[in-house]
Amino acid sequence: MMLISFETIISYVDLVNEEIWSYLVIPLLVCCALYFTYKLRGIQFLQVIDMFRQLLVPAQIKEPNIQKHVGSFQAFAVSLSSRVGTGNLAGVASAIFVGGPGAVFWMWAMAIFGAATAFVEATLAQLFKRKGKESFYGGPAYYMQHGLHCRWMGWLFAVALIFGFGISQQIVQSNTVCDIIGNTFHCEPIWIGAILGVVTIIIIFGGIHRISHVLSMIVPLMAIGYIGIALYILLANIAHLYDMLVLIVKSAFGWSQVAGGSLGIAVMQGVKRGLFSNEAGEGSAPNAAATATVSHPVKQGLVQALGVYIDTLVICTCTAFIILLSGLYTGSEDGVILTAHAMDFHLGEWGRWFLTAAIFLFAYSTIIANYYYGEANILYLTRKKWILQAFRTLTGILVFISTFLTLQQAWSIVDLAMAMMTLLNLIALALLGKYAFALWNDYIRQKKEGKDPVFTADIIPSIKDDLEAWK
C-alpha cells in the first residue's frame with residue numbers, strides 16, 4: 001500500500017486553492033460587493049460621518065442579565081486586530097512586487113466596494129446574535145442556523161473557521177513575530193515563543209471582556225504609530241507624491257500594461273491582497289461585531305464597514321506609499337523583506353527597529369483576535385466547558401510550537417479553510433441580505449424622524465422568534 005506524504009497532500013491543496021480562489025471566491029466576492037453597494041444605495045460613500053459617530057458610542061446597556069457589556073469601539077478593536085496583521089506589511093508588498101504599482105489601485109477599489117459586504121455581514125451578526133452569561137455572541141454560524149435554519153451549514157462554517165483562524169493562522173502570525181524579534185535582538189525564537197505563549201494564555205482565559213479591553217488599547221497604539229511614520233515619510237517625499245499617484249493610476253489602466261499582459265495580474269493581485277487584508281465577506285469579523293451592545297444592528301454594521309476603510313485605505317496604503325516612494329519594488333525582494341528594505345531606505349537602521357515593533361503589535365493582536373473567533377465557534381459546536389478550556393490551552397501551545405513549524409504548509413491550510421468560509425458566508429449573505437436592507441431602511445426612517453434608532457424583534461415579525469437578543 002502506497003502512503004501519500006504530507007508534502008504531496010499540501011501540493012494538491014495548493015492546486016485546489018488556486019482553482020477555488022480564481023474561479024469561485026474572488027468573482028463571488030466582487031459580485032456581492034457590487035450588489036450590496038447597489039441595494040444599500042452607496043452606504044459606504046454617504047455614511048462615513050455616521051460611521052465615526054457610531055464608533056464612539058459607549059455600550060448601550062439594555063439586558064440586565066448580561067454581566068459585561070462590550071461597546072462598539074471594543075468590538076471594532078477586536079475585528080480590526082484580526083484584519084490588521086502581517087498581511088498589511090507583507091501582503092501589500094507582495095501585491096506590488098507581483099502586480100506592480102497598479103495593484104494598489106485595485107486594492108483600494110475592492111476595499112471601497114467590499115465595505116458594503118462588511119456592513120451586511122456585521123448587521124446580520126447583530127440581528128441573529130445570542131445572549132451569553134457575560135456578553136452577547138454570534139457570527140455567520142449563528143445566522144446560518146437561526147436565519148437560514150441550516151445547522152449543517154453553520155457546522156461546516158464553524159469547523160472551517162476554527163481550523164483556519166483558530167489553529168493555522170495562529171502558527172503563521174506567531175512564527176512571524178518570533179522570527180522578526182529573534183533576528184532583531186539576536187535571540188532564540190523558541191524563548192520568545194514560550195513567553196508569548198504564556199502571556200497569550202493569561203489574556204484569553206480572561207474571556208471576551210479582557211480580550212476586547214486589551215485590544216482596545218493595543219490597536220489604536222499600533223495604528224497611530226504606523227500611520228505617523230508613514231506620514232513622516234510622505235511629507236519628507238512630498239515632491240514625489242504626484243508622480244507616485246500618477247504611476248499607480250497609469251499602472252492600473254495603462255496601455256503598456258494591457259499590451260504586456262500585466263494588467264490582469266495587477267487586478268488579481270490587488271483584489272486578492274485587499275480581500276485577504278480587510279476580510280470583507282469572509283465571515284471572520286462578524287464574530288466580533290455580534291458582541292457589541294448597541295440599540296440597533298445597523299450601528300455596528302456601520303462601524304465594521306469603517307474597519308475595512310482603516311485597514312486597506314489607511315494602513316495598507318501606508319505600506320504601499322513607503323514601498324513605492326523608495327523605488328525598491330523593482331528589485332528581487334518580496335514580502336516583509338521588501339517592506340523592511342523600504343523602511344531602511346527612508347529611516348535607516350531605526351526603521352528596521354520600528355518595523356519589528358510594528359510586526360509584533362500587528363501580529364500579536366491578530367493572534368488574540370483570532371483566538372476569540374475560534375472561541376465563538378467552539379461555543380457554537382459545543383457547550384462543554386472542558387473543550388473550551390482545552391482550546392484556550394491549545395492556543396498558547398500553538399504560539400509556542402510555531403517556532404518549530406514552516407509557514408508555507410500553514411498558509412495552504414489557511415487558504416483552503418478561508419475559501420470554504422467565504423463561499424458559505426457569501427451564500428448566506430445573498431439569501432439573508434434582504435433583512436440587512438430592511439434594517440437599513442428602518443434605521444434611516446427613525447433618523448429622519450429625529451430619533452436615536454432602536455430596534456426590537458417586532459419590526460421584522462416574520463423572523464421574530466429567531467431574534468433572541470432583541471425580544
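The following paragraphs lead through the fold of this protein, from its overall make-up to its core, its helix contacts and some single residues.

The structure is a predicted model, in which local features need pLDDT of at least 70 and side-chain atom pairs count only at pLDDT 80 or more, while totals for chains, interfaces and linings use all residues. Residues are numbered from 1 along each chain as its sequence is written, and side-chain values use heavy atoms, with hydrogens and water left out.

The secondary structure comprises 19 helices and two strands; these are DSSP runs numbered from the N terminus, helices being H or I runs of at least four residues and strands E runs of at least two. Of the 471 residues, 59% count as buried, where buried means under 20% relative accessible area, exposed over 50%, and partly exposed in between, with a 1.4 Å probe and protein chains only. Among contacts (heavy atoms within 4.5 Å) with a separation of 6 or more, 83% join residues 24 or more positions apart.

Confidence is expressed as pLDDT, the predictor's confidence in each residue, from 0 to 100. The mean for the protein is 80, and 80% of the residues reach 70 or more. Among the elements, helix α7 (residues 140–146) has the highest mean pLDDT, 94, and helix α12 (residues 255–260) the lowest, 47. Over residues 257–261 the pLDDT stays under 50, and the model has five contacts beyond four places in sequence for this stretch. Where pLDDT is low, the predicted coordinates should not be read in detail.

The interior can be described through its nonpolar cores, each a set of buried Ala, Val, Leu, Ile, Met, Phe, Trp, Tyr and Cys residues joined through side-chain atoms within 4.5 Å. The largest has 118 residues, of which Phe119, Leu124, Leu127, Tyr226 and Trp440 touch the most other members. Beyond its neighbours within four places in sequence, Phe119 is in contact with Leu40, Ile43, Val298, Gly301, Leu302, Ala305 and Trp440. Another core lies apart from the largest one and has 10 residues, including Ile181, Ala363, Tyr364 and Ile368.

Helix α6 (residues 102–127) contains Thr117. Thr117 counts as buried because its relative accessibility is 1%. Leaving aside neighbours within four places in sequence, Thr117 is in contact with Cys32, Ala33, Phe36, Ala280, Gly281 and Leu429.

Helix α5 (residues 90–99) packs with α6 at an angle of about 130°, the axes being 8 Å apart. Axes are lines fitted to C-alpha atoms, for helices over the stretch in contact, and angles run from 0 to 180 degrees between N-to-C directions. Angles under 35 degrees count as roughly parallel, over 145 as roughly antiparallel, 65 to 115 as roughly perpendicular and the rest as oblique; α5 and α6 are therefore oblique to each other. The contact is formed by Val92, Ala95, Ile96 and Gly99 of α5 with Gly102, Ala103, Val104 and Met107 of α6.

A second helix pair is α3 (residues 48–55) and α15 (residues 297–326), packed at about 110° with axes 8 Å apart. The angle makes α3 roughly perpendicular to α15. Val48, Asp50, Met51, Phe52, Gln54 and Leu55 of α3 meet Lys299, Leu302, Val303, Ala305, Leu306 and Tyr309 of α15.

Two tryptophans complete the picture. Trp152, in helix α8 (residues 151–185), counts as exposed because its relative accessibility is 56%. Trp191, in helix α9 (residues 189–204), is exposed with a relative accessible area of 60%. Trp191 and Phe400 are 209 residues apart in sequence, yet their C-alpha atoms are 8.4 Å apart in space.
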